[in-house]
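Take a look at the chain before reading on. The report below walks through its strands, a helix, charged pairs and a few single residues.

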Amino acid sequence: MKTQELTYWKSISHGSRTLWTGLKLAFKHLIDAKESRTPMGVEDKDYFKQDTGIVTLQYPYESLPVPDNGRYRLHNEIDDCIVCDKCAKICPVDCIEIDPIRAPEEIGRTSDDTPKRIHAAKFDIDMAKCCFCGLCTTVCPTECLTMTKAYDFSEYDVKDHTYAFAEMTPLEILEAKQKLEIAEKEKEEAKAKKEAESTANPGATSEVKAKPAFRPKVKPKLGKTTDERSVKTQTSDSDDPKVKALALMKAKAKPAVPKKSEETSGPRPEASKTSSARPKPVIKAKPVIKAKPVIKPQTDDKAEDEKKAPPPRSVAPQSPNEEPTSGASKKARPVFRPRPVIRKPKKDGDS
């Protein structure tokens, strides 16, 4: 019983102490909450120095400032859009839908003086699909597609997240399509008419003649030519009369040099007079190469005869003192000759 009573009174004292510490903290903040904090963005230097004041903002009457480089809702300035379709192609989630209509002529200019030749019948952006990557803003050539600072665009229906930026009415869209069809028909008729005229009168339509191919002027090599005709053929490509005259003069002045083909074909009539005086070149006869003897392999009979026959006797050289011996069993002994004795010359002091 005593232990239960002690735990009971201990729990009451612990609860009262914790309640008192919480009330002290609440009273302290109640005194400091006379003034509210000023809305300050994260980029501000004094953002982390606000220790006192009311933190809660009275939204939507108060809001924190948004950074300039944030990625939020997309917006397209349709007056500067040239409907190039780059943003729709690069979008990874396909949240941009464009319906372009080509115009037969220029329909206006953007703020940076870029010509506009395409109508934007439809330009819708579904922000429910957008992943806020910012790729569409980087590829835009006229910088008409940007990300704004509007971060709170919540809706009750998902379909309301689709924003339409095209300003053309259905009647204007129909007129633009009709103009394009008429321009294409006129273009096809003009093309067919031109083809018919070209087939009927091929000479009349070919007013523009093809330019002749450009050929660089090549100076003739006068030292190698031997005849005036060859010089003329070389100088025919060049139109300069001075080059032609110089080539002809040099060809007449220089004596003709016989070609190799003429020397081999036969002697000229002028050279036949002196042909007897000149010695004829001596042509050496080519050495006759004899064929190598063919060694035929030995037959089995000869090989057996050779095996059976005794080996030839070898006669070794004998010394003059020994008698000649016969037979292959005795081997010749080597002859040892005495070394010559070299005597030293005697000196005067030696006896």
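Strand β5 joins strand β7 (residues 162–164) through three bridges, and the two run antiparallel. Within this pairing, Asp124 has Ala164 in β7 as its bridge partner. Keep in mind that this is a predicted model.

**The strands**

Strand β5 also pairs with β2. Seven bridges connect β2 and β5, again in antiparallel fashion. Here Pro100 stands opposite Ala120 of β5. Ala120 also serves as a landmark for Cys84: their C-alpha atoms are 9.9 Å apart, although 36 residues separate them along the chain. Cys84 sits in the loop between β1 (74–76) and α2 (86–90). Cys84 counts as partly exposed because its relative accessibility is 30%, between the 20% and 50% cut-offs.

**The helix against the strands**

What do the buried residues of α4 pack against? They pack against β2 (96–102) and β5 (118–126). Ile173, Ala176 and Leu180 are buried in α4. An α-helix has 3.6 residues a turn, so residues three or four places apart point the same way.

Helix α4 covers residues 170–200, which is 31 residues. At 1.5 Å a residue, the helix should span 45 Å. Its end C-alpha atoms are 45 Å apart, so expectation and model agree.

**Charged pairs**

Side chains of opposite charge can pair when their charged atoms come close. How many salt bridges does a search of the whole structure find? The search finds five. Three of the pairs are described here, beginning with Lys122 and Glu97, whose side chains meet at 3.0 Å, N to O. Lys122 lies in strand β5 and Glu97 in strand β2, so this pair ties together parts that are 25 residues apart in sequence.

Another salt bridge joins Arg102 and Glu184, with the closest N and O atoms 3.2 Å apart. This pair links distant parts of the chain: Arg102 is in strand β2, Glu184 is in helix α4, and their positions lie 82 residues apart in sequence.

Arg109 and Asp113 form a salt bridge too, with 3.4 Å between the closest N and O atoms. Salt bridges with shared partners join Glu106, Arg109 and Asp113 into one network.

How open are these charged residues? The table gives the values.

| Residue | Relative accessible area | Class |
|---|---|---|
| Lys122 | 33% | partly exposed |
| Glu97 | 40% | partly exposed |
| Arg102 | 47% | partly exposed |
| Glu184 | 34% | partly exposed |
| Arg109 | 44% | partly exposed |
| Asp113 | 52% | exposed |

Asp113 counts as exposed because its 52% is over the 50% cut-off.

**A nonpolar patch**

Now turn to the surface. Leu19, Trp20, Leu23, Phe27 and Leu30 form a nonpolar patch there. Together they have about 570 Å² of accessible area. One of them, Trp20, is in helix α1 (residues 2–32). Is Trp20 buried or exposed? Trp20 is exposed, because its relative accessible area of 53% is over 50%.

**A buried loop residue**

Thr142 makes a contrast. Thr142 is found in the loop between α3 (135–139) and β6 (145–147). Its relative accessibility is 11%, which is under the 20% cut-off, so Thr142 counts as buried. Which residues does Thr142 touch, not counting those up to four places away in sequence? Thr142 touches Asp80, Cys81, Ile82, Asp112 and Thr114.

How values were computed: Residues are numbered from 1 along each chain as its sequence is written. This is a predicted model: local features need pLDDT of at least 70, side-chain atom pairs count only at pLDDT 80 or more; totals for chains, interfaces and linings use all residues. Side-chain values use heavy atoms; hydrogens and water are left out. Helices (H or I, at least four residues) and strands (E, at least two) are DSSP runs, numbered from the N terminus. Buried means under 20% relative accessible area, exposed over 50%, partly exposed in between (1.4 Å probe, protein chains only). Contact means heavy atoms within 4.5 Å. The expected span of a helix is 1.5 Å times one less than its number of residues. Two strands pair if DSSP finds at least two bridges between them. Patches are made of residues with over 30% relative accessible area and no salt bridge: like charges are joined within 9 Å, nonpolar side chains (Val, Leu, Ile, Met, Phe, Trp, Tyr) within 5 Å. Accessible areas come from the Shrake-Rupley method with a 1.4 Å probe; for residues, only the protein chains shown count as cover. A salt bridge is a side-chain nitrogen of Lys or Arg within 4 Å of a carboxyl oxygen of Asp or Glu.
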